[in-house]
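Visitor: I have just opened this one and could use a tour. Can we start with the sheets?
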Amino acid sequence: MSSATTPDVASAAARLRALLGDRLHEPGEPGFDTAIRLWNAAVDRAPALVAHCLDAEEVAAAIRVAARCHLPVSVRSGGHDWAGRALRDGGLVLDLTGLRTVRVDADRGTVTVAGGASAADLLAAAAPYDLMVPTGVVRDVGMAGLTLAGGYGPLCGRFGLALDNLLGAEVVLADGRRVTADPRHDAELYWALRGGGGNVGVVTELRYRAHRLPAVLAGMIMFALAEAPAVLRGYAALLADAPDELTVMAGFLPGPAGEPVVFVCPFYSGPDLDAGQPWLDRLRALGTPLVDQVDPLPYADALRMFDGGMVDGNHYLLRTRWLPRLADGAVDALVDAARQVTSPFSALALHHFHGAATRVRLGDTAFGLRAEHLLTEIIAVWPPGGEAAPHRAWADRTSAALAPFALPGGYPNLLAPTETERVRLAYGANWARLRRAKRHYDPRDLLTAVPTLPPSGHPE
């Protein structure tokens, strides 16, 4: 790096201190370690500065300082990216966790959230109106990070991905300009935001289409590990018949005795919840349930079943595959992985992509896969102080075993920072257009987010 582009941390710190006062955090100061602590304790990054911003104008001013002082920038919203890309070594972290406002317009059927709001923030504000926006399954995850790369969730079949419900956004660009992105204002930026992973700007506000949904029929059905092959094959057959209103997760979770159990987790969101009962009966008949807890619940309450599943402070490593279907070989690989799991905290999850999400044209958003598939999460978890190698090896073996049955690429929100080739394959026909958008909106590669896109000078 030439002297002209060497980061000038001292000048940046002085300018940001004048702007933010004690909301600027520097290494060695009280509060800095807390400011860079993430959900995944395995992340070990050393940012130069953390700017805790409280509005879009502060974000814009901080971006201008970073550009002037040649500091790379990362953004912390929910902080739940497993690879820790909210923190950038030697860079400026824009901490948006203070931007949590949620506005509900029940008459227009929209919900607007600030850039640091979590799914829990959104759902708490919308619930009194019987409105919801599609979210992931973990309520603590930030809506911005979830949405900008995709947003799989339990209502995918009926309402699509989270990004399919994004009506517009307020964005701070890499040059510090504040702009609106929607179908009528900077449509190309709006296109890139929906699936591009946040690499083209810092989103300070998101406006969503909301849906009336008083309740869902949802819960957890668990079976013994010995029944896993039959359960997963029956699950695959059920998915082929499932209506839009039924989205079903499956996989393996830690059981009460330490041995993994196989689970199916249905969310039926049709207007008549009684119409979901035959589907639940079919799921129960896949084996002999150890746990059978499925009830009509408000959507926000149904998501509480996942609270505490991924504990802050543990060490996490994720691998992922896109499966076009749950072939017998993939079932065998998943069952073998569950039997060979190296930690009682690790898990495997299958997310059902179908219905409304498949009916969005591929070129309408940057998201690169619109065919029916299962997103597979391979989640290695171990306590602090434990040796990482066996858990990494388990995750890598499982990913390799699933590879012959998988589509190219993978969900960018879960790919490792080094998997740039799989990122390219994930976007498929949308890749070249997304790269052009990156060069246009951030020609100096100031911003990095999820997924990790190669630098602008990288060959296509």
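Guide: Sure. This is a predicted model. One open sheet has 4 strands, in the order β1-β2-β4-β3, and its pairing is mixed.

Visitor: Which strands stand at the edges there?
Guide: β1 (24-25) and β3 (73-76) do. Each has a single partner strand, so one side of each is left without a neighbour in the sheet.

Visitor: What about β2 and β4, parallel or antiparallel?
Guide: Parallel. Strand β2 covers residues 49-52 and strand β4 covers residues 92-95. They pair over 4 bridges. A51 stands opposite L94 in β4, and H52 stands opposite D95.

Visitor: And how many bridges join β1 to β2?
Guide: 2 bridges, and those two strands run antiparallel. H25 stands opposite V50 in β2.

Visitor: What holds paired strands together, in general?
Guide: Strands of a sheet pair through backbone hydrogen bonds, either parallel or antiparallel.

Visitor: Back to β2. Which way do its residues point?
Guide: L49 and A51 point one way from β2. V50 and H52 point the other way. All of these are buried.

Visitor: Which strands does helix α1 lie across?
Guide: Helix α1, residues 9-20, lies across β1, β2 and β4. The helix runs at about 20° to β2.

Visitor: And where does α3 lie?
Guide: Helix α3, residues 56-69, lies across β2, β3 and β4. Its angle to β4 is about 175°.

Visitor: What comes between α3 and β3?
Guide: A loop that holds H70. Phi of H70 is near 65°, a positive value in a residue other than glycine. H70 is partly exposed, with a relative accessible area of 26%.

Visitor: New topic. What is the strand order in the sheet of 5 strands?
Guide: The order is β5-β6-β10-β8-β9. This sheet is open too, and its pairing is antiparallel. β5 (102-105) and β9 stand at the edges. Each of them has a single partner strand, so one side of each is left without a neighbour in the sheet. The twist averages 15° from one strand to the next.

Visitor: How many bridges between β6 and β10?
Guide: 5 bridges, in the antiparallel sense. Strand β6 is residues 110-114, and strand β10 is residues 202-209. V111 has Y208 in β10 as its bridge partner.

Visitor: Which strands does α4 lie across?
Guide: Helix α4, residues 119-126, lies across β5, β6 and β10. The helix runs at about 35° to β5.

Visitor: I clicked on S118. Where is that?
Guide: S118 lies in the loop between β6 and α4.

Visitor: Is S118 buried or exposed?
Guide: Buried, with a relative accessible area of 6%; the cut-off for buried is under 20%.

Visitor: What is S118 in contact with?
Guide: Leaving aside neighbours within four places in sequence, S118 is in contact with R100, R139, D140, V141, G142 and M143.

Visitor: And where does D186 sit?
Guide: D186 is in the loop between β9 (178-181) and α7 (187-193). Its phi is positive, about 55°, although D186 is not a glycine. D186 is partly exposed, with a relative accessible area of 32%.

Visitor: Let's move along the chain. Which residues are buried in α9?
Guide: W279, L280 and L283 are buried in helix α9, residues 277-284. They cover an arc of only 100° around the axis, which puts them on the same side of α9.

Visitor: What covers the buried residues of α9?
Guide: The cover includes strands β12 (216-223), β13 (246-254), β14 (260-268) and β15 (291-297), along with helix α8 (228-241).

Visitor: Last thing, holes. How many cavities of 30 Å³ or more?
Guide: The count comes to 1 cavity. The largest cavity has a volume of about 40 Å³.

Visitor: Which residues line the largest cavity?
Guide: F252, P260, A338, V341, S346, A347, L348 and W394 line the largest cavity.

Terms used:
Residues are numbered from 1 along each chain as its sequence is written. This is a predicted model: local features need pLDDT of at least 70, side-chain atom pairs count only at pLDDT 80 or more; totals for chains, interfaces and linings use all residues. Side-chain values use heavy atoms; hydrogens and water are left out. Two strands pair if DSSP finds at least two bridges between them. Contact means heavy atoms within 4.5 Å. Axes are lines fitted to C-alpha atoms, for helices over the stretch in contact, and angles run from 0 to 180 degrees between N-to-C directions. Buried means under 20% relative accessible area, exposed over 50%, partly exposed in between (1.4 Å probe, protein chains only). The arc is that of the directions from the helix axis to the C-beta atoms. On a 1 Å grid over the protein atoms alone, a cavity is a set of points where a 1.4 Å probe fits but cannot get out, and a pocket is an open set with protein on both sides within 12 Å along at least five of seven lines; lining residues have an atom within 4 Å of a point. Grid points are joined across faces, edges and corners, and a volume is the space filled by probe spheres set on the points.
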